[in-house]
Amino acid sequence: MKERRTFLLPPNSGLTKEDVVVTASTLEFSRHKDAAVERRMTLNVTDLPEKFHKALAYFDDLHIRFESPRDDAEVQSSQVNTPVVARLPPGLHIFFTPRLETNRDADHASEILCAALRPLLDSSAKCLPGSEGKTFTELATLYKRSGRLLSQQFYHNLVHSSPAFEIVREHLCFTRAQNPTIETLCDIFSTASYARHLDIDYDASANLMLVTAFWTSHDLRELTERPKYPLHKAEKPPTGTSLEIGVLEPQTAKNPEELSVGGLLTLVGEVDHASGTLFSFPARHHPTQRGVHYTAQFQKPTGLHPKLSLTFPADTLVPPQSSEPSSCSLHAHWTLPSSLFIDRYQFSDPLVLSSQNLIDLKSLSGEEDLEAPDWAIPTWGSSALFTLAYPNTTATDQDWTVTIPTHLRYMTFPSQPEHGQRRSTVEIPWPTVFWACGDAQAGLNLVRNPFDRRDLGYDGLFAPDTLYYHVPPAPGREVARSGDHRGVKLMESLEVPTLDAEKAEWVTVATAAVVLVGFLWICSRLLFAGAGAAKSAEAKKKDEKKVQ
């Protein structure tokens, strides 16, 4: 088992060797409250409890991504100043390839995942017993990586993450005694609900699992106020394991496709001092220039056909300066729960697209039924990638707004309605927005990036050498308080008309009665019309006889 713990300071922070106290068996970083931190752990699957590595035998690839729905101005600052910039829409994302030795193995992989997810997620999650094979959707992708193709996808808008991580920790940590791998995993999951993101990657070909968690400086301050979670301290790891500590700050890179960091590195328990370091690496994901950001909000009133507005400051919405503008396009990637859907046929008219500042719907995968109510949909929802238009000039102080039309599905009546309301509230994540630029140098080795994030759901729709420049959400948005330990920001709440299941029988009876009355009325009109036509024909014959 190997662990790497990296403290990421803002640029020009004045880091010195005195900030890191290293002994033969311990390390303590005194300026931890100023830094973001990433923990990355590499472990052999056989180090996990037996039931875990037996379950993983049904997968070729498994990638779990938790993206926090929280954000604030301080987070924006830390993410601009760190190489950890890749984003996803907030919530729980799962991508996997089942091991297709037999069809039964594919079904078993789905069953295993659903069985693991049910205790963690609320009742709205689409992973019901007996429907596992229909829960997951085909992952939209155009490019294979290393000859393999991630084929299945799942998403849930996990707003309150603390209970889910607590359940994982309880099931995992009962075997922690005398097992340093489990001990480290337990420490990570104990603090995972505070993290900006948590990634779990399993590769069957290498039989390895990679667990990565990232906290901003704000998150870290909250954690270090609790003595139970001293992330700024480290002790010598057990024999057969290693712990590398880095304290780094951004530097100016020589090449536009690279990121550069410098600072101090050490191996705890092996070296009794920290060594200076400065290195650059090609990066797949980059921050955009300062000043560009976006907000997402549904237009009011929402009704049954909500329209999402993405608003940008037009004077800063330009392609990245480090790339050739003609090679870059602006995109929004959006994962939608089954209660909301997109009609792809609305995005086929160029005039309509132009009026909404859209160029095209690049990809739409998942559930596309245009009529079914939510309770009749077995899958989790859908995933869409839009190409956005941007202004031709920055000589304006106006905002630039992109509009994405959507549609709500009817939902069942909530089991515990509030104040007798006949509506359900659903949480819709903000899309993630980025520039995709295809001008990377030929042969650029992007996997050298020690902070790289891949298999994000949208990167399979672009060439492998594409560079992404992420547009952050706007800072300073008012936080809506929730049951979590901090406010939720990057989610929008929608009220959906619901059907009261207890009164649904009256709807059925009333509908049948109306249909029957209408049928009888039509029959009566047809009978009367037929009788009238017969009388008219008889009268006409009599008139003809009189004329003769």
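**Briefing: strand pairing and the second largest pocket**

Strands β18 (residues 328–337) and β21 run antiparallel and are joined by 8 bridges. The model described here is predicted. The points below cover the sheet that contains β21, the surroundings of strand β17, and the lining of the second largest pocket.

**Strand β21 and its neighbours**

- Strand β21 spans residues 381–388, and because 8 of its 8 residues are buried, it is largely enclosed by the rest of the structure.
- Towards β18, Trp334 has Ala384 of β21 as its bridge partner, and Thr335 is matched with Ser383 of β21.
- Strand β20 (residues 358–366) also pairs with β21, in the antiparallel sense and over 7 bridges.
- Within that pairing, Leu364 has Ala384 in β21 as its bridge partner; Ala384 is likewise the partner of Trp334.

**The six-stranded sheet**

- β21 belongs to an open sheet of 6 strands, ordered β15-β27-β26-β18-β21-β20, in which the pairing is mixed.
- The edges of this sheet are formed by β15 (285–287) and β20, each of which pairs on one side only.
- From one strand to the next, the twist averages 30 degrees.
- Strands of a sheet pair through backbone hydrogen bonds, in either a parallel or an antiparallel arrangement.

**Strand β17 and its partners**

- Strand β17 covers residues 307–313 and is mostly covered, with 6 of its 7 residues buried.
- Strand β16 (residues 295–298) pairs with β17 in the antiparallel sense over 4 bridges; here Ala296 has Leu310 of β17 as its bridge partner.
- Strand β22 (residues 399–405) and β17 are also antiparallel, pairing over 7 bridges; Leu308 stands opposite Ile404 of β22.

**The second largest pocket**

- The space in the second largest pocket amounts to about 960 Å³.
- Its lining consists of 32 residues, and those nearest the centre of the pocket are Phe52, Ile64, Ala116, Leu120 and Val168.
- By class, the lining comprises 30 nonpolar residues, 1 polar residue and 1 charged residue.
- Helices and strands that each supply at least two lining residues are α1 (50–56), β5 (59–67), β6 (91–98), α3 (103–117), α5 (162–172), α6 (180–190), β9 (197–203) and β10 (208–215).
- Helix α5 provides the largest share of the lining, 6 residues.

Definitions and conventions. Residues are numbered from 1 along each chain as its sequence is written. This is a predicted model: local features need pLDDT of at least 70, side-chain atom pairs count only at pLDDT 80 or more; totals for chains, interfaces and linings use all residues. Side-chain values use heavy atoms; hydrogens and water are left out. On a 1 Å grid over the protein atoms alone, a cavity is a set of points where a 1.4 Å probe fits but cannot get out, and a pocket is an open set with protein on both sides within 12 Å along at least five of seven lines; lining residues have an atom within 4 Å of a point. Grid points are joined across faces, edges and corners, and a volume is the space filled by probe spheres set on the points. Ala, Val, Leu, Ile, Met, Phe, Trp, Tyr, Cys and Pro count as nonpolar, Asp, Glu, Lys and Arg as charged, and the others, Gly among them, as polar. Buried means under 20% relative accessible area, exposed over 50%, partly exposed in between (1.4 Å probe, protein chains only). Two strands pair if DSSP finds at least two bridges between them. Axes are lines fitted to C-alpha atoms, for helices over the stretch in contact, and angles run from 0 to 180 degrees between N-to-C directions.
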